[in-house]
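Please walk me through this structure. I would like to follow one strand and its partners, then one pair of helices.

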Amino acid sequence: MRGSGSGPLAGIRVAVKDLYAVAGQRIGAGNPDWLAEAPVQERNAWAVQALLDAGADITGIAQTDELAFSLNGTNKHYGTPPNPAAPGRITGGSSNGPASAVALGAADLGLGTDTAGSVRVPASHCRLFGLRPTHGVVSTEGLQPLASSFDTVGWFARDAGLLRRAGDVLLPPAEVEPVRTFLIAEDVLELAEPATRASFEEAARTLAERRAGTDGPQIRRVESLLGGRLETWFPAFRAVQAAQAWKAHGAWIEAHPGSLGEGVMARFALGRDLDPRDRETSEALLDEARGVLYAALEPGTVLLLPAATAPAPLVGLERAAMEKYRFTTLRLTSLSSIAGLPAVVMPMAPVDALPIGLCAVGPRGTDRTLLDLAASFVDGGAASPEA
């Protein structure tokens, strides 16, 4: 689909996750049964139209995990897209298709979504730059929902310059705010594997050095950001996400037994079986978590953490091991999802020659600040910060 032909994204090829309305096409949502019954869309989703108006061309519609309820990038029906940055390993999901297309060079920009890490994890696994914006700042009109309290538009690029140019199109106007403090929390780092932590420490030092100057940010380390509460916050997040997902899609799922893969169905079942009183308790716990995270990320402070606990697992890893990896990584990614905070991912030094990402989480509304931060970060010259 050709864009306007002129504008800041003229000539840029975009792969669109199969959750967005594209005029003349059906939303497939990663499931052939869903696709078969979906209506042909009469107009583009807001984000798709904004990119077209800015001159970009839509190269194709790209795969997603089933109904976008996974972090693995695998699909019962369509298989696993290739990851050229780590052959034989998963891309991560659920924005697996756009990430794969950008990593392969089949597209320059990938339009994905991020509910619980679905841009951040594929960016980490595929050596890409990626942004999850502040919740609600980019319109989700024409986007198939999963869990509306956490769903965001998001995007990928191979370089930070293009990531920022897309932000100029999709984000509302805002000033780039000075970053005074890089916050590192030991209890957050403990979630990652040792080799990932070592790569993270190197990347954090590099980022601080590149921003050094009279008013450059200082690294501040704290023993605990979470106060031991993550093991109550994380189940609460999973419960509320699953309840919202079941509300959005439960009727269709019940009408199509056996259509979903085992793992995806188990996540929806959690929402189906959730007691309303447990959901109220979970909502209260998430309110507590937001308060803690908002207080920690005062103006001028950016939280640094690994984008994933480890590099991408091998395709075909047995389910128990994959679920263990998924749950540990979700503990990291759920923090910005719970609080609706913006997060940018930048490639950092590889772990055993496999890509892994550095994630920076800012206060609400600091999306452009994070994009500016990413543009100043180059990992050993391996990733160019400008298009």
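Two strands pair if DSSP finds at least two bridges between them. Keep that in mind for what follows. The model is predicted.

Start with strand S6, residues 181-185. S6 is joined to S8 by 3 bridges, and the two strands run parallel. Within this pairing, Phe-182 stands opposite Val-302 of S8.

Now turn to the other partner. Strand S10 covers residues 357-361, and 4 bridges join S10 to S8. Here the strands run antiparallel. Leu-304 stands opposite Ala-360 in S10.

How buried is S8 itself? Strand S8 spans residues 301-306, and 6 of its 6 residues are buried, so the strand is largely enclosed by the rest of the structure. In a regular strand, side chains alternate between the two faces of the sheet. Both faces of S8 are covered. Thr-301, Leu-303 and Leu-305 are buried on one side. Val-302, Leu-304 and Pro-306 are buried on the other.

Next, the helices. Helix H5 (residues 160-170) packs with helix H12 (residues 367-375) at an angle of about 160°, and their axes lie 8 Å apart. Angles over 145 degrees count as roughly antiparallel. H5 and H12 are therefore roughly antiparallel to each other. The crossing of H5 past H12 is left-handed.

Which residues of H5 and H12 make the contact? H5 supplies Ala-160, Leu-163, Arg-164, Gly-167 and Asp-168. H12 supplies Arg-368, Leu-371, Asp-372, Ala-374 and Ala-375. By class, this contact of H5 with H12 holds 5 nonpolar, 1 polar and 4 charged residues.

Definitions and conventions: Residues are numbered from 1 along each chain as its sequence is written. This is a predicted model: local features need pLDDT of at least 70, side-chain atom pairs count only at pLDDT 80 or more; totals for chains, interfaces and linings use all residues. Side-chain values use heavy atoms; hydrogens and water are left out. Buried means under 20% relative accessible area, exposed over 50%, partly exposed in between (1.4 Å probe, protein chains only). Helices (H or I, at least four residues) and strands (E, at least two) are DSSP runs, numbered from the N terminus. Axes are lines fitted to C-alpha atoms, for helices over the stretch in contact, and angles run from 0 to 180 degrees between N-to-C directions. Angles under 35 degrees count as roughly parallel, over 145 as roughly antiparallel, 65 to 115 as roughly perpendicular and the rest as oblique. A crossing is left-handed if the near helix is turned anticlockwise from the far one by less than a right angle, and right-handed if clockwise. Contact means heavy atoms within 4.5 Å. Ala, Val, Leu, Ile, Met, Phe, Trp, Tyr, Cys and Pro count as nonpolar, Asp, Glu, Lys and Arg as charged, and the others, Gly among them, as polar.
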